[in-house]
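Colleague: I would like a close look at one pocket and at the parts of the chain around it. Please take me through it in one go, with whatever strand pairing, ring contacts and cysteine links help to place it.

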Amino acid sequence: MKRTLLYLSMGLIIFLSACGTAAAPATTVPPTPAPATGAPATSVPTTEPDTAPTVAAPATAPTTAPTATGPCTDKASFVADVTVPDYSHFDQRASFTKTWRVKNVGTCTWTSDYKAMYAHGDALGNVTSVPLSQAAPQETLDISVDMAAPARDGKFQTFFQLVNASGDPMPVDDGASVWALITVGKVLAAVPTTPPTPVPSGGAGLSTISCVPQGNTDFLNQTATLINAARTSNGLPALTVNDQLNTAAQNHSQDMACNNFLSHTGWNGSTPDSRVAAAGYAASLTRENIYAQPPQFGGTAQAAVDWWMGDQIHRDAILNPLVKEMGVGYAAYSRSDLGGYFTVDFAAP
C-alpha cells in the first residue's frame with residue numbers, strides 16, 4: 001500500500017512540472033537592424049516589405065556588430081571630347097564618330113550591361129544606344145557613337161545619357177548627359193543686326209560692317225609648325241609658308257569672324273580658289289581647312305590641328321603630297337558665337 005502511494009505521488013509531481021514549463025515560455029526578440037546609409041534613392045526600395053523577415057537569434061552574441069555598407073553608387077565625370085569637339089563643322093550627310101572620355105567616379109564597376117543611350121536633341125544618325133566596356137571605379141573609359149550630319153545646314157546638338165544595368169540614368173558631374181554639337185554647311189551662327197554690304201565679286205570676301213577682329217601670331221606659328229610636324233612624321237616634306245596664301249587665309253578667317261558664320265563659301269560667295277587667286281597666287285591646286293571654337297573653351301592651334309588630323313578629309317588635305325605651300329589665318333571676334341576662326345590654305349603653283 002505504501003509503495004502504491006509512493007508511485008502515485010511521484011507521477012503527480014512529474015505532471016505538475018510539465019504543466020509549469022508550458023505556462024511561462026521564454027521569448028527572444030531579434031534586434032531591429034539599423035538602416036544602411038549612403039545608398040542612392042534609385043537603388044533602394046522606398047517602401048517596406050509587407051511582412052518583416054524572421055530573424056533567428058544567434059546562440060552566442062557576436063563580439064562586433066556588422067557594418068551596413070549598402071549598394072554601390074553609379075556616377076560619371078566628363079574628362080574630354082576625344083573627337084568632334086563642340087562646333088566641329090561637317091558637310092551635309094557626312095559620317096563621323098563622336099568619342100567622349102569619361103571617368104567612373106562611383107563605386108559600381110561598369111559592365112557591358114551599362115549603355116550610352118540617346119536621350120534628346122537632334123538625331124544624328126540611326127544609333128540610339130551603345131554598350132559600355134568594363135570600367136572599375138576611378139578608371140576612365142572612351143565611349144564612341146557613329147553619327148551622321150543631317151541633310152541640311154544649321155547647328156545641331158544631340159544628348160546621350162549613361163544608364164546602368166537596370167536602365168537607371170547616372171549623373172554626369174552636375175548634369176545628366178554628354179552631348180555632341182556640330183555645324184553643317186554654310187552656318188549662320190546669328191544674323192547680323194545690320195546686313196553687311198558685300199565687296200565686289202572676286203574679292204577677299206570681307207564685308208564693310210564695323211568689325212575689328214583680333215589676330216594671334218602665336219596661333220599662326222603654332223598651326224604651321226604642327227602641320228609640318230604631321231607631314232614630316234608621315235614621310236612628307238614640310239610646306240613653305242607663303243605670304244599670299246597667308247593673306248587669303250587671314251581674309252577668310254576675318255570674314256567668318258565678322259559675319260558670324262562657318263563655311264568654305266565666303267559671305268559674298270567666294271571660294272578657296274577665288275580667294276587664293278584674289279591674293280595674287282597662281283595655283284594649280286588648292287585645298288582649305290577651317291575650324292572654329294571659342295578660345296575660352298579650348299579653341300587653340302593644337303585643338304584645330306588635332307581635329308583636322310582626326311577627320312579623313314581634313315587629314316588628306318594636310319598630308320596631300322602634291323601641295324607645296326600653305327598660308328594660315330586666325331581671327332577672333334567677341335561678338336561672334338564661335339569666337340575664334342582658323343583657316344589654312346594649301347596650294348601648289
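Modeller: Gladly, and one term comes first: two strands pair if DSSP finds at least two bridges between them. Please also keep in mind that this is a predicted model.

The part I would pick is the second largest pocket, which has a volume of about 340 Å³. Its lining is made up of 21 residues, and Asp81, Thr83, Val84, Pro85 and Asp86 are the ones that lie nearest its centre. By type, the lining residues divide into 11 nonpolar, six polar and four charged. Three elements each supply at least two residues of this lining: strand S3 (95-104), strand S12 (285-293) and helix H5 (301-310). Of the elements, H5 gives the most, with four residues. Let us follow these elements outwards, beginning with S3.

Strand S3 runs antiparallel to S6, and nine bridges join the two. To find your way between them, start at Lys98, whose bridge partner in S6 is Val145. In a regular strand the side chains alternate between the two faces of the sheet. Strand S6, residues 140-148, reads that way: Leu141, Ile143, Val145 and Met147 make up a covered face, while Thr140, Asp142, Ser144, Asp146 and Ala148 make up an uncovered one. Val145, the partner of Lys98, thus belongs to the covered face. So does Ile143, which is buried, since its relative accessible area is 3% and the cut-off for buried is under 20%. The C-alpha atoms of Ile143 and Arg101 are 6.3 Å apart in space, although these two residues are 42 apart in sequence.

Strand S12, another contributor to the pocket lining, takes us to a second sheet. Four strands form this open sheet, in the order S10-S13-S14-S12, with mixed pairing. Its edges are strand S10 (240-241) and S12, and because each of them has a single partner strand, one side of each is left without a neighbour in the sheet. The partnership of S12 with strand S14 (residues 340-348) is antiparallel and spans nine bridges. Here you can use Gln293 as a landmark, as its bridge partner in S14 is Gly340.

Now for the rings. There are 11 aromatic pairs in the structure. One of them is Phe90 with Phe96, a stacked pair with 4.3 Å from centre to centre and 20° between the planes. Both Phe90 and Phe96 are buried. Tyr291 and Trp308 make an edge-to-face pair, because their ring planes stand at 80°, with the centres 6.5 Å apart. With Tyr291 in strand S12 and Trp308 in helix H5, this pair ties together parts that are 17 residues apart in sequence. That brings us back to the pocket, as S12 and H5 are two of the elements that supply its lining. Tyr291 and Trp308 are both buried, and they belong to one aromatic cluster with Phe219, Tyr330 and Phe342.

Last come the cysteine links, of which the whole structure has two. The link between Cys72 and Cys108 has its sulfur atoms 1.9 Å apart, and it is right-handed because the torsion about the S-S bond is about 100°. Cys72 sits in the loop between helix H1 (2-23) and strand S1 (76-81), and Cys108 in the loop between S3 and strand S4 (115-121), so this disulfide ties together parts that are 36 residues apart in sequence. The two ends differ in accessibility: Cys72 is partly exposed, at a relative accessible area of 38%, whereas Cys108 counts as buried at 5%. In the other disulfide, Cys211 is joined to Cys258 with an S to S distance of 2.0 Å. This link is left-handed, with -80° about the S-S bond. It connects distant parts of the chain, 47 residues apart: Cys211 is in the loop between strand S9 (187-188) and helix H2 (217-233), and Cys258 is in helix H3 (residues 243-259). Cys211 and Cys258 are both buried. Counting the bonded cysteines in sequence order, the pairing reads 1-2, 3-4.

If you go back to the view, start from S3, S12 and H5 in the pocket lining. From there, S3 leads to S6 across their bridges, and S12 leads to S14.

Methods
Residues are numbered from 1 along each chain as its sequence is written. This is a predicted model: local features need pLDDT of at least 70, side-chain atom pairs count only at pLDDT 80 or more; totals for chains, interfaces and linings use all residues. Side-chain values use heavy atoms; hydrogens and water are left out. On a 1 Å grid over the protein atoms alone, a cavity is a set of points where a 1.4 Å probe fits but cannot get out, and a pocket is an open set with protein on both sides within 12 Å along at least five of seven lines; lining residues have an atom within 4 Å of a point. Grid points are joined across faces, edges and corners, and a volume is the space filled by probe spheres set on the points. Ala, Val, Leu, Ile, Met, Phe, Trp, Tyr, Cys and Pro count as nonpolar, Asp, Glu, Lys and Arg as charged, and the others, Gly among them, as polar. Rings of Phe, Tyr and Trp (its six-membered ring) pair if their centres lie within 6.5 Å; planes under 30 degrees apart count as stacked, over 60 as edge-to-face and the rest as tilted. Buried means under 20% relative accessible area, exposed over 50%, partly exposed in between (1.4 Å probe, protein chains only). A disulfide is a pair of cysteine sulfur atoms within 2.5 Å.
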